[in-house]
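I opened this model to look up a few side-chain and backbone details. My entries follow in the order in which I made them.

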Amino acid sequence: MRARNGAHGSTATTQEEIAPMNDIPYQQRPPVARSAHDDERTNGLTRRTVLAGAAAVTAAATLAAVDTPAAAGSVAADSTADMSAFVVLSAALTGLPEAKLAPGFSFNSPKPPAPPNTDLSTMDPGSDPVDIKQEYFDWINKRRPAAFEKLLQIVRDNIKAADRAKAIIDKIQLDDESKKDEPKRTPTEIEAKYLARSIVLMWYLGAWYDPDDLQAGSNDPKVTPNFEVISPKAYTQGWALKVAQAHPMGYSEMQFGYWTRPPNPRSDFTG
Amino acid sequence: VRNSRLLAVGIGLALITVSFLGQPVFAQQPATGSASSTTTSSLGHPCNLLHDLVPTSDTDPTPVNPPKLTPLLAQELIPGKQFVVDHKIKDKILASGLPCQETVSGSGGETKTVLENRQRGFDFYSWLTFIALNSPADKTPIAHSRPDIKAKWEDKANFMQLLNVMVKDPAKNTPEWGKRTIPQECRSRYKDIKNIDDMMVIEMIEETFNEPFKTGPLIDQQGNYALFDILMNHEMFQYMLDNKLYSKKAQQENATLRVDFPSGINPDKGKTEGGDPGAIMIKVSWRVIDSEKDKQKFHTADALILMPRHDDKSEPPCLRKTLGLVGFHVGHKTVSRRQWIWTSFEHIDNVPEDKEIANARMKPSYNFYNPKCDAQKCPVNQTPPHPWDPTYSNGLKFGDTAFKSQISRVVPLTDETKDLNKRFQAVLGDTVWKNYMLLTTQWPSGFPCSTEGDPNDKITPADKQPTDVKKQPDMNCAPAPTFLANSTLETYSQGKDPLASSSCMSCHGNAVSHQRHPADFDARNFFNQSDFTFMLEKAR
């Protein structure tokens with residue numbers, strides 16, 4: 001695994017080569033600097049459309065219950081590759097583009113027709129001033145390291161899949177239809193399934209629902225899981241209201257008086 | 001449609017999981033006006049093309065490949081030893097002039113993130129801007145400037161004070177570039193001053209002594225009010241003039257104008273001529289200087305201060321004071337950063353950082369903090385007791401003579417900015433300007449959000465499109481850093497609380513004008529945008 005700090009220098013250079021327009025502005029540059037990886041982002045989103053049915057109602061395939069010991073791998077808090085894997089995982093789970101969840105994220109893919117980059121260690125996980133991804137990453141890694149590693153391993157194993165998002169979702173067996181197969185799965189796999197749900201909620205609501213609570217609620221509808229808002233920053237970054245073309249109560253970066261006009265198209269919010 | 005379906009999945013997943021929760025989840029938390037390109041100032045002509053990486057050539061600011069830090073930054077800075085700058089580098093930087101547009105790169109520091117590299121580039125730009133604006137107005141080199149020599153921004157040929165633009169009775173009066181209004185009260189009292197028309201005049205309106213959102217005045221350790229003033233460059237003034245923005249009535253009549261100040265832009269690639277600095281606004285803070293010793297530590301101005309009228313019968317007094325510069329904000333709009341670039345400097349002796357107080361590593365004295373007063377007796381960052389208004393009899397002394405502001409810096413400077421400051425302070429040699437430090441530069445980090453105008457406008461070239469404030473959800477395009485407060489100008493809103501703590505762009509993004517929605521105009525196209533400035537509210 002490459003240290004994040006060490007990797008940035010090289011990835012930054014690559015990014016400049018791909019999209020130098022971003023940094024050295026000129027009067028006569030094209031209207032919008034688009035790079036090869038921008039196109040890939042769009043295409044990636046399109047490919048994930050198949051996810052529509054998969055995520056909600058996937059009939060789970062039965063998997064051999066071979067648990068991976070937690071000790072077999074662990075998430076490195078300062079790893080570029082692990083952060084990129086987390087962003088890719090989050091994009092698959094939420095349906096939102098990687099670069100929306102983590103501004104500046106880039107697959108650092110070469111220009112087509114060369115195949116897209118699938119090496120997580122050479123992707124740019126992005127660097128933005130809010131950096132909510134780091135807060136979420138650290139939060140999960142502190143509480144659920146084994147299940148988190150399991151999820152990131154699923155990303156690593158499926159990074160080359162033609163429909164990456166679908167492959168990841170299928171492997172996690174996120175939906176309730178797969179419950180009947182839980183007895184055949186290892187404790188870490190089950191924990192990872194509910195952690196994946198926690199991650200979805202984390203991105204959309206800025207709040208933490210513990211996987212155990214979600215599992216208990218899944219088994220008994222009368223159980224109401226507890227939650228905690230992760231931080232003031234997380235409160236402002238929840239995607240649920242952005243998807244609704246709105247903003248959290250008490251926090252808005254929209255123009256004063258925006259409420260007198262219809263909201264912008266949802267694509268302005270979600271990419 | 002596909003995106004919609006995909007999003008539905010994400011939301012669906014969230015709802016599936018949340019559906020049994022049965023409780024709310026957020027409950028715990030609280031013009032395209034015709035800007036004239038007329039230029040009467042030499043500031044920004046030609047544009048300064050220097051940046052923090054070695055450029056390909058003097059006419060092509062593109063960094064060499066692979067990128068290399070400019071010699072000033074590449075030089076090693078040895079702790080405890082004086083940083084000596086090569087005189088050629090020093091001369092080049094000091095004479096380089098005003099940048100018209102930032103030139104930054106995500107590369108250059110191998111151990112840095114893209115964001116950190118760009119931040120260094122913006123901070124480098126800020127120092128160049130600071131040096132250019134504070135170079136002597138008489139065009140002598142800044143390396144030889146005295147503390148009291150007039151800086152370029154103080155010269156009426158380069159910048160104009162806001163209250164001179166927002167003329168009284170605008171139906172009859174029009175602001176005139178380079179015309180500084182000297183109040184009759186000052187003329188009659190100081191008849192012996194020969195160059196009175198060139199003096200800085202500060203009118204003691206509420207905005208001169210009360211901080212933004214009326215959070216309170218700042219009182220120095222001598223018991224005087226800190227004073228604030230706002231100025232604009234010619235490009236910004238001309239846009240105001242062309243669109244009659246100095247008039248409240250004219251703003252109201254021209255309600256459909258999307259206010260859009262001119263953007264700074266570099267010359268075409270390969271050229272050194274051309275380009276334009278675009279709109280620049282400055283906000284400064286001053287403290288009254290009484291001692292001769294202090295006059296050597298600050299940049300000073302011989303100024304006239306018109307006090308508020310006491311009653312209808314008496315004349316308001318006009319005071320002549322030596323003022324020392326303690327805070328310096330610059331807002332600069334560029335074609336690639338339409339949300340403006342926000343630069344903030346302070347005097348190095350203003351306040352200690354919280355950490356320095358905790359570790360008892362403080363200087364013997366500060367402008368706005370008393371190290372000898374304990375926290376119980378002098379709690380930090382408290383607003384003064386009421387009443388706040390200056391009084392006729394006290395002059396610039398605060399009414400409660402026992403009160404002195406006890407201010408600390410809540411958000412410390414980063415190590416990178418401190419490093420950059422040491423290098424530029426060395427460049428400034430023994431001038432008074434070495435006593436100033438950059439806090440940071442706030443800039444819109446979202447690409448291409450900060451470059452694009454209206455994304456639905458597919459025809460107009462990007463650099464010709466107007467600033468688009470209807471961007472959602474973030475019209476500010478992700479300010480970096482998220483927060484920025486000057487201890488003398490946003491004293492009481494320092495911190496890191498979303499939307500509550502000081503952020504130049506988040507705050508100025510809410511600025512509006514006197515425009516009102518016309519009854520016969522489509523509400524979707526009415527914006528009431530003031531393009532990130534509160535100046536328009538001061539129209540009379």
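Entry 1, charges over rings. I started with Lys283(B), which lies over the face of Phe228(B), 5.9 Å from the ring centre. I found another such placement at Arg258(B), which sits over the face of Phe527(B) at 4.1 Å from the ring centre. I keep in mind that this is a predicted model.

Entry 2, confidence. I noted ipTM 0.81 and pTM 0.86 for the model. For chain B, I read an average pLDDT of 89, with 91% of the residues scoring at least 70. Where in chain B does pLDDT stay under 50? I logged residues 1-11, for which the model has 28 contacts beyond four places in sequence. I also logged residues 13-41, with 73 contacts beyond four places in sequence.

Entry 3, His329(B). I placed His329(B) in strand E8 of chain B, residues 318-334. Is His329(B) buried or exposed? Its relative accessibility is 12%, under the 20% cut-off, so I entered His329(B) as buried. Its side chain makes a polar contact of 3.0 Å with the side chain of Ser344(B). Leaving out residues up to four places away in sequence, I listed what His329(B) touches, including Lys283(B), Thr343(B), Asn486(B) and Glu490(B). Lys283(B) is the residue I had already noted over the face of Phe228(B).

Entry 4, aromatic pairs. My search of the whole structure gave 30 aromatic pairs over all chains. I looked at Trp139(A) and Trp208(A): their ring centres are 6.3 Å apart and their planes stand at 65 degrees, so I recorded the pair as edge-to-face. Trp139(A) is in helix H6 (residues 132-143) and Trp208(A) in strand E1 (residues 207-208), so this pair ties together parts of chain A that are 69 residues apart in sequence. I found both Trp139(A) and Trp208(A) buried.

I then turned to Phe124(B) and Phe424(B), an edge-to-face pair with 5.3 Å from centre to centre and 70 degrees between the planes. Phe124(B) belongs to helix H4 (residues 114-134) and Phe424(B) to helix H12 (residues 415-427) of chain B, and the two are 300 residues apart. I have Phe124(B) and Phe424(B) down as buried. Both belong to a cluster linked by ring pairs, whose members include Trp127(B), Trp286(B), Phe328(B) and Tyr436(B).

Entry 5, cis peptide bonds. I found a cis bond joining Pro112(A) and Pro113(A), with omega about 15 degrees. Pro113(A) is in the loop between helix H5 (98-101) and H6 of chain A. In chain B, I found the bond from Asn65(B) to Pro66(B) to be cis, with omega near 0 degrees. Pro66(B) is in the loop between strand E2 (60-63) and helix H2 (71-74).

Entry 6, positive phi. Asn108(A), a residue other than glycine, has a positive phi near 55 degrees. I located Asn108(A) in the loop between H5 and H6 of chain A. At 9% relative accessibility, I count Asn108(A) as buried. Gln245(A) is not a glycine either, and I read a positive phi of about 55 degrees there. Gln245(A) is in the loop between helix H12 (239-243) and helix H13 (266-270) of chain A. Its relative accessibility of 26% makes Gln245(A) partly exposed.

Entry 7, chain A overall. I counted 13 helices and two strands in chain A. Of its 271 residues, 58% are buried. Chain A exposes about 10500 Å², with 57% of that supplied by carbon and sulfur atoms.

Definitions and conventions
Residues are numbered from 1 along each chain as its sequence is written. Chains are lettered from A and ligands numbered from 1 in the order in which they are written. This is a predicted model: local features need pLDDT of at least 70, side-chain atom pairs count only at pLDDT 80 or more; totals for chains, interfaces and linings use all residues. Side-chain values use heavy atoms; hydrogens and water are left out. Helices (H or I, at least four residues) and strands (E, at least two) are DSSP runs, numbered from the N terminus. Buried means under 20% relative accessible area, exposed over 50%, partly exposed in between (1.4 Å probe, protein chains only). A polar contact is a pair of N or O atoms within 3.5 Å; within protein, one must be able to donate a hydrogen and the other to accept it, and residues adjacent in sequence count only if both atoms are side-chain atoms. Contact means heavy atoms within 4.5 Å. Accessible areas come from the Shrake-Rupley method with a 1.4 Å probe; for residues, only the protein chains shown count as cover. pLDDT is the predictor's confidence in each residue, from 0 to 100. Rings of Phe, Tyr and Trp (its six-membered ring) pair if their centres lie within 6.5 Å; planes under 30 degrees apart count as stacked, over 60 as edge-to-face and the rest as tilted. A charge sits over a ring if NZ of Lys or CZ of Arg is within 6 Å of the ring centre and within 35 degrees of the ring normal.
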